[in-house]
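I open this notebook to keep a record of what I look up in the structure, entry by entry. The sequence and the coordinates come first, and my notes follow.

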Amino acid sequence: MTDQNDIYVYIVDGLPLSVSEAICPCGAFSYTLYINGRLSQERQREAYNHALRHIQRGDWEKADVQLIEKEAHG
């Protein structure tokens, strides 16, 4: 991740429990990250770190969501 990235983070209660986080790219170097507010602080931190790894790896340019998640969870 470069210093050019802007990441806006919101804790929201409206996400289903099955969704830890959602990321919306908002341009070349800007992202909005929504983290599930119903998760524990520890799980919120894990969700944030998970999302950052997706941003750092440039996963937005990949087409296969299943492969992206498989790679992210190692």
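**Entry 1, a strand pair.** I began with a pair of residues and found that I11 stands opposite I35 in β3, where strands, like helices, are DSSP runs numbered from the N terminus (E over at least two residues for a strand, H or I over at least four for a helix). β1 and β3 pair in the parallel sense over seven bridges, and I take two strands as paired if DSSP finds at least two bridges between them.

**Entry 2, conventions.** I note that this is a predicted model, in which local features need pLDDT of at least 70 and side-chain atom pairs count only at pLDDT 80 or more, while totals for chains, interfaces and linings use all residues. Residues are numbered from 1 along each chain as its sequence is written, and side-chain values use heavy atoms, with hydrogens and water left out.

**Entry 3, overall layout.** I listed two helices and three strands in the protein, and from the N terminus on these elements run β-β-β-α-α. Of the 74 residues, 30% are buried, meaning under 20% relative accessible area, with exposed being over 50% and partly exposed in between (1.4 Å probe, protein chains only). Among contacts with a separation of 6 or more, 41% come from residues 24 or more positions apart, a contact meaning heavy atoms within 4.5 Å.

**Entry 4, the sheet.** In what order do the three strands of the open sheet lie? I read the order as β1-β3-β2, with mixed pairing. The edge strands, each pairing on one side only, are β1 (6–12) and β2 (21–25). On average, neighbouring strands of this sheet are turned by 20° against each other, direction ignored; the axes are lines fitted to C-alpha atoms, for helices over the stretch in contact, and angles run from 0 to 180 degrees between N-to-C directions. As a reminder to myself, strands of a sheet pair through backbone hydrogen bonds, either parallel or antiparallel.

On the other side of the pairing, β2 joins strand β3 (residues 30–36) in the antiparallel sense over five bridges, and here P25 stands opposite Y31 in β3. I then looked at the helix and saw that α1 packs on the sheet, touching β1, β2 and β3, with its direction making about 155° with that of β3. The hairpin formed by β2 and β3 has four residues between the strands, and G27 in the turn has a positive phi of about 125°.

**Entry 5, residues of β3.** I found β3 mostly covered, with six of its seven residues buried. I35, which lies in this strand, is buried at a relative accessible area of 3%. Leaving out residues up to four places away in sequence, I35 touches ten residues that I checked, including V9, L15, Q44 and A47. I35 and V9 are 26 residues apart in sequence, and their C-alpha atoms are 7.4 Å apart in space. For L33, the contacts beyond four places in sequence include I7, V9, I23, Y48 and A51.

**Entry 6, A22.** I looked up A22 in strand β2 and noted that A22 counts as partly exposed at 27% relative accessibility. A22 touches T32, L33 and Y34, not counting residues up to four places away in sequence; the C-alpha atoms of A22 and Y34, twelve residues apart along the chain, are separated by 5.1 Å.

**Entry 7, the core.** Which residues make up the largest nonpolar core? I listed seven, namely I23, Y31, L33, I35, A47, A51 and I55, and the elements that give two or more residues to this core are β3 and α1. Such a core is a set of buried Ala, Val, Leu, Ile, Met, Phe, Trp, Tyr and Cys residues joined through side-chain atoms within 4.5 Å.

**Entry 8, helix α1.** I checked the length of α1 and found its end C-alpha atoms 24 Å apart, in agreement with the 24 Å that its 17 residues should span at 1.5 Å a residue, the expected span being 1.5 Å times one less than the number of residues. The buried residues in α1 are Q44, A47, H50, A51, L52, H54 and I55. After α1 comes G58, whose phi is positive, near 70°.

**Entry 9, the salt bridge.** I found one salt bridge in the structure, using the criterion of a side-chain nitrogen of Lys or Arg within 4 Å of a carboxyl oxygen of Asp or Glu. E46 forms this bridge with R43, the closest N and O atoms being 2.8 Å apart. Because E46 and R43 are three residues apart in helix α1 (residues 41–57), about one helical turn separates them. E46 is partly exposed at a relative accessible area of 36%, and R43 is partly exposed as well, at 33%.
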